[in-house]
Amino acid sequence: MDMQTDRLLLRRFETGDKADLYAYLSDSEVVRFEPYPPMSVEQCEEFLEQMIHSNDFWAVCLQENGKQIGQVYLSEKEQNNWELGYVFNGEYQHKGYAFEAVKTLVSDVFTNGNAHRVFAHCNPDNVPSWRLLEKLNFRREGHLRQNIFFKTNDDGSPAWQDTFEYGVLR
């Protein structure tokens with residue numbers, strides 16, 4: 001079931017999204033805080049296949065021309081807790097699109113789903129991400145110190161990083 005906002009169409013991923021997906025998932029600045037490096041065309045194709053067959057990913061598209069500009073991940077975890085994540089093309093950041101998309105999906109999962117709580121994790125250095133969560137009335141519930149790593153240092157040791165945890169209740 002698609003959803004619309006004033007400017008956006010939120011829908012499931014389709015095979016035609018490959019070029020738009022590659023445009024931002026291959027951008028090192030866009031994926032800087034993601035648990036994966038910039039993706040090749042082949043990696044984007046594999047990831048797209050996974051997203052097409054998943055109910056956890058939403059393609060965020062401009063209503064005016066159908067261009068896919070980002071994605072939102074919203075997945076039910078245990079006991080009516082839902083995990084939130086999002087990635088947007090750099091050209092479309094800081095324009096309110098992520099706010100509009102995330103607000104719509106979170107509102108829907110509280111209204112039509114069985115969500116009790118929605119939570120998100122972000123790197124403390126990713127200021128736009130945690131500011132977005134706070135603007136959406138998510139509350140910073142914790143600051144986990146050096147709890148996760150996605151990359152290694154030159155010597156092969158883990159490059160530990162901190163995580164902010166945010167949550168919002170129904």
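## Cysteines

The count of disulfides here comes to 0. The model is a predicted one. A disulfide is a covalent bond between the sulfur atoms of two cysteines. Why does cysteine 44 have no such bond? Its closest cysteine sulfur belongs to cysteine 61 and lies 15 Å away, too far for a bond. The cut-off for a disulfide is 2.5 Å between sulfur atoms.

Cysteine 44 is buried, at 1% relative accessible area. Cysteine 122 is buried too, at 6%.

## Aromatic pairs

The model has 7 aromatic pairs. One of them joins phenylalanine 149 and tryptophan 160. Their ring centres are 5.0 Å apart, and the planes meet at 75°, an edge-to-face arrangement. Both residues sit in the loop between strand E7 (139-148) and strand E8 (161-169). They are 11 residues apart, and the pair links distant parts of the chain. Phenylalanine 149 is partly exposed, with 35% relative accessibility. Tryptophan 160 is partly exposed as well, with 43%.

Phenylalanine 164 and tyrosine 166 also pair. Their centres are 6.3 Å apart and their planes stand at 75°, so this pair is edge-to-face. Are these two residues buried or exposed? Phenylalanine 164 is buried, with a relative accessible area of 6%. Tyrosine 166 is buried, with 0%.

One aromatic cluster is made up of Tyr36, Phe47, Phe57 and Tyr73.

## Charges over rings

Two arginines place their charged ends over tryptophan rings. For arginine 12, the ring is that of tryptophan 58, and the distance to its centre is 3.8 Å. For arginine 140, the ring is that of tryptophan 130, with 4.7 Å to the centre.

## Helix H4

Tryptophan 130 also belongs to helix H4 (residues 127-135). Which residues of H4 are buried? They are Ser129, Trp130, Leu132 and Leu133. These residues span an arc of only 150° around the axis, so they lie on the same side of H4. The face turned away from that buried side carries the exposed residues Arg131 and Lys135.

What do the buried residues of H4 pack against? Their partners are strand E5 (81-88), helix H3 (97-111), strand E6 (117-122), E7 and E8. Just after H4 comes asparagine 137, which takes a positive phi of about 70°.

Technical notes
Residues are numbered from 1 along each chain as its sequence is written. This is a predicted model: local features need pLDDT of at least 70, side-chain atom pairs count only at pLDDT 80 or more; totals for chains, interfaces and linings use all residues. Side-chain values use heavy atoms; hydrogens and water are left out. Rings of Phe, Tyr and Trp (its six-membered ring) pair if their centres lie within 6.5 Å; planes under 30 degrees apart count as stacked, over 60 as edge-to-face and the rest as tilted. Helices (H or I, at least four residues) and strands (E, at least two) are DSSP runs, numbered from the N terminus. Buried means under 20% relative accessible area, exposed over 50%, partly exposed in between (1.4 Å probe, protein chains only). A charge sits over a ring if NZ of Lys or CZ of Arg is within 6 Å of the ring centre and within 35 degrees of the ring normal. The arc is that of the directions from the helix axis to the C-beta atoms. Contact means heavy atoms within 4.5 Å.
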